[in-house]
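Before the terms applied to a model can be trusted, it helps to ask what each of them rests on. The questions below take up such terms in turn.

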Amino acid sequence: KIMRSMIGLEKVDIIRPGYDVEYDFVNPQSLTHALETKTIGGLYLAGQICGTTGYEEAAAQGIIAGTNAGLAAAAATRGEKSPSPFL
């Protein structure tokens, strides 16, 4: 009913429902091993923006990026340089 309520689709028949989602993503080569962007220091990325499709992988990336961001922020408050990546 919803599809047929649209102009031009009054006689539409859905044969098989489909699913398609396209996401923009950041080229993984533009990230350091700490998941920090090479062009904008202090910007850490994880999950779908990195092209990840799995929930577990996205969660793991979030842990890595978040830990590295926290370590970098803590070092900055002490006036130190960023430490080596967590992993």
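**Reasons behind the labels**

Q: Where does D24 lie with respect to α1?
A: In this predicted model, D24 lies in the segment before α1.

Q: Why is D24 called exposed?
A: The relative accessible area of D24 is 70%, and exposed means over 50%, so D24 counts as exposed.

Q: What is D24 in contact with, once its neighbours within four places in sequence are left aside?
A: D24 is in contact with Q48 and I49, and contact here means heavy atoms within 4.5 Å. D24 and L87, by comparison of their C-alpha atoms, are 26 Å apart in space and 63 residues apart in sequence.

Q: Why does V12 count as partly exposed?
A: V12, which also lies in the segment before α1, has a relative accessibility of 22%; buried requires a value under 20% and exposed a value over 50%, so V12 falls in between and counts as partly exposed. Apart from neighbours within four places in sequence, V12 is in contact with M3 and R4, while its C-alpha atom and that of R78, 66 residues apart along the chain, are separated by 64 Å.

Q: What makes L35 buried, and what is notable about its phi?
A: The relative accessibility of L35 is 15%, and the limit for buried is under 20%, so L35 counts as buried. L35 is placed in the segment before α1 and has a positive phi of about 70 degrees although it is not a glycine. Just after α1, G79 takes a positive phi of about 75 degrees.

Q: How do you know that the span of α1 agrees with its number of residues?
A: With 23 residues at 1.5 Å a residue, α1 should span 33 Å, and because its end C-alpha atoms are 32 Å apart, the two values agree.

Q: Why do Y55 and A74, both in helix α1, carry the labels exposed and partly exposed?
A: Y55 lies in helix α1 and has a relative accessibility of 73%, so with exposed set at over 50% it counts as exposed. A74 lies in helix α1 too, but its relative accessibility is 28%, which is between the limits of 20% and 50%, so A74 counts as partly exposed. The C-alpha atoms of Y55 and L43, 12 residues apart along the chain, are separated by 21 Å, and those of A74 and R4, 70 residues apart, by 57 Å.

Q: Which residues of α1 are buried?
A: Q61, I64, A65, N68, A72 and A75 are buried in α1. Among them, I64, A65 and A72 belong to the largest nonpolar core.

Q: What makes up the largest nonpolar core?
A: Nine residues form this core, namely L31, A34, L35, Y44, L45, C50, I64, A65 and A72; the name requires buried residues joined through side-chain atoms within 4.5 Å. Not counting residues up to four places away in sequence, C50 touches F25, V26, P28, L31, L45 and Q61.

Q: How many residues of each class line the largest pocket?
A: The lining has six nonpolar, five polar and no charged residues, and the space in this pocket is about 190 Å³. Its lining residues are Y19, V21, Y23, F25, Q48, G51, T52, T53, G54, Y55 and A58, where glycine is counted as polar and tyrosine as nonpolar.

Technical notes:
Residues numbered from 1 in each chain as written. Predicted model: local features only at pLDDT ≥ 70, side-chain atom pairs only at ≥ 80, totals over all residues. Heavy atoms only, no water. Helix = DSSP H or I, 4+ residues; strand = E, 2+ residues; numbered from the N terminus. Buried < 20%, exposed > 50% of the residue type's maximum accessible area, 1.4 Å probe, protein only. 1 Å grid on protein atoms, 1.4 Å probe; cavity = no way out; pocket = protein on both sides within 12 Å on 5 of 7 lines; lining within 4 Å. Points joined across faces, edges and corners; volume = space filled by probe spheres on them. Expected span 1.5 Å × (residues − 1).
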